[in-house]
Amino acid sequence: MSFFGKLKSKLFKSSAKLEEGLDAIVQEDVAPEEEPSAPAITDAAAQVAQPEVLRAPDPVGDSPREHKRAQVAPPEAEAEAEPGVSAPKVAIDPLEVDTKPVDPLPQKTGVFGRAPRRVLDDDMLEQLEELLISSDMGVDTAVRITANLAEGRFGRKLSTAEIKSALAEEIARVMEPVARPLPIYNKKPQVILVVGVNGSGKTTTIGKLASQFKKAGKSVVIAAGDTFRAAAVGQLQVWGERAGVPVMTAAEGSDPASLAFDAMTQAEKDGADLLMIDTAGRLQNRADLMEELSKIIRVIRKKDPDAPHNTVLVLDATTGQNAVNQVEVFRKMADVTGLVMTKLDGTAKGGVLVSLADKFALPIHAIGVGEQIDDLDAFDPQEFAAALTGVSA
Ligand SMILES: Nc1nc2c(ncn2[C@@H]2O[C@H](COP(=O)(O)OP(=O)(O)OP(=O)(O)O)[C@@H](O)[C@H]2O)c(=O)[nH]1
């Protein structure tokens, strides 16, 4: 069910933002007396065996941040050496070995024939933190990621490409545990309740998922649970048609729980594999919405005490950090079991997904990367991290 591949070209806004920021940070403080030739990866291979590389790290520095990172700060000699060669920790990182080289981008650029480099010190880490926060990663996550990034790299001279690659590595590390496709159970019908604020992309996501399930040979029924808005029902019907999946509707304004019950009955009768229930997303009237959702759940449990088997929260990436509040709110209303993040194409706010993974550890089942039926990708942490940071594969 993976259609991965569109993300890299579509997440350009996020990567452009990070890239520009990183370029600016690195170029800000380039030492003019820097050695004339930064060794290329192949040249540097000869330096691997140099004894100073293996020296123990310097003891604790002066600033609080240095104290925090003291155990990972490399010695001066190492600071001058080529990253990736002198830092076996990076080179053997399991996230890196099978996919990309430690420093995948060319080093020689610009008028002087080499990329600008800057020592990774406290100032630079602070600037990196700010850049990540401005990319919607949230303060806690930005601090954690920069702290991890400093490990084994603090005091070294790094190019933008090296920082990007290291950032991608740290981001992928945060994202890896949550990259889990929507589980399919041996249960008929498997009930998937879809929640989220209006406009987050619930309808579109249901249509895209239905299409993928259908292509995978599953029979699917959709219930248009936002019965109070005729337009929402109409949209879902359009998506049902596109996906080739029946959509059950009820009279405008009727009880969504009763529709859910009827849909359960129908899905059972038809022997459907999956029942996807759309719901309203009126957060303005939170108490009503909470009551509506819990009633739907109560009613479908009369049919199957284990239902809903999944409660998927759909979030709009363009809302940035607001998505964090939405997870908090919806988790109070329903037992959210996983997330789908939509509209990752064309937004500079994709970093919020890193924040969500770090904060809630909820599975990320899929990501929306466009308005077409095939624009739903499985979530791949390495590809996402690479796309977000602008690392070329
Ligand atoms: N670019 C882009 N647009 C998307 C994506 N997912 C949904 N959209 C668009 O976002 C808008 C809202 O999507 P819907 O699926 O109608 O959202 P909803 O949550 O069902 O909203 P209501 O019907 O108002 O409850 C539509 O214009 C979609 O085409 C995506 O991954 N990328």
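Two strands pair if DSSP finds at least two bridges between them. Helices (H or I, at least four residues) and strands (E, at least two) are DSSP runs, numbered from the N terminus. This is a predicted model: local features need pLDDT of at least 70, side-chain atom pairs count only at pLDDT 80 or more, and totals for chains, interfaces and linings use all residues. Residues are numbered from 1 along each chain as its sequence is written.

**Exercise 1. Give the overall make-up of the chain.**

Start with the elements. The chain has 17 helices and 10 strands. Next comes burial. A residue is buried if 20 or more other C-beta atoms lie within 10 Å of its own, exposed if 12 or fewer, and partly exposed in between; C-beta atoms are placed from the backbone. Of the 393 residues in the chain, 48% are buried. Last, look at contacts. Two residues are in contact if their C-beta atoms, placed from the backbone, lie within 7 Å. Among contacts between residues at least 6 apart in sequence, 79% join residues at least 24 apart.

**Exercise 2. Lay out the sheet and find its edges.**

Strands of a sheet pair through backbone hydrogen bonds, either parallel or antiparallel. Here, 8 strands form an open sheet with mixed pairing, in the order β5-β4-β6-β3-β7-β8-β9-β10. The edges are β5 (247-248) and β10 (376-378); each has a single partner strand, so one side of each lacks a neighbour in the sheet.

**Exercise 3. Trace the pairings of β3 and β6.**

Take β3 and β7 (residues 310-316). They pair in the parallel sense over 4 bridges. In β7, Asn-310 is the bridge partner of Ile-192.

Now take β3 and β6. They run parallel and are joined by 5 bridges. In β6, Ile-277 is the bridge partner of Leu-193.

Then take β4 (residues 220-224) and β6. Their pairing is parallel, over 5 bridges. In β6, Leu-275 is the bridge partner of Val-221.

**Exercise 4. Is β6 enclosed or open?**

Count first: 5 of the 5 residues of β6 are buried, so β6 is largely enclosed by the rest of the structure. Then check directions. Leu-274, Met-276 and Asp-278 point one way, Leu-275 and Ile-277 the other way, and all are buried.

**Exercise 5. Test the length of α14, then sort its sides.**

The expected span of a helix is 1.5 Å times one less than its number of residues. Helix α14 (residues 286-303) has 18 residues and should span 26 Å; its end C-alpha atoms are 26 Å apart, which agrees.

Now list the buried residues of α14: Leu-289, Glu-292, Leu-293, Ile-296, Ile-297 and Ile-300. They cover an arc of only 130° around the axis, which puts them on the same side of α14. The arc is that of the directions from the helix axis to the C-beta atoms. On the other side, Ala-287, Asp-288, Arg-298 and Lys-302 are exposed.

What do the buried residues of α14 pack against? They pack against β3 (190-195), α13 (256-270), β6 (274-278) and α15 (322-333).

**Exercise 6. Describe α10.**

Helix α10 (residues 160-175) has 16 residues, which should span 22 Å; its end C-alpha atoms are 22 Å apart, which agrees. Of these residues, 15 of the 16 are buried, so α10 is largely enclosed by the rest of the structure.
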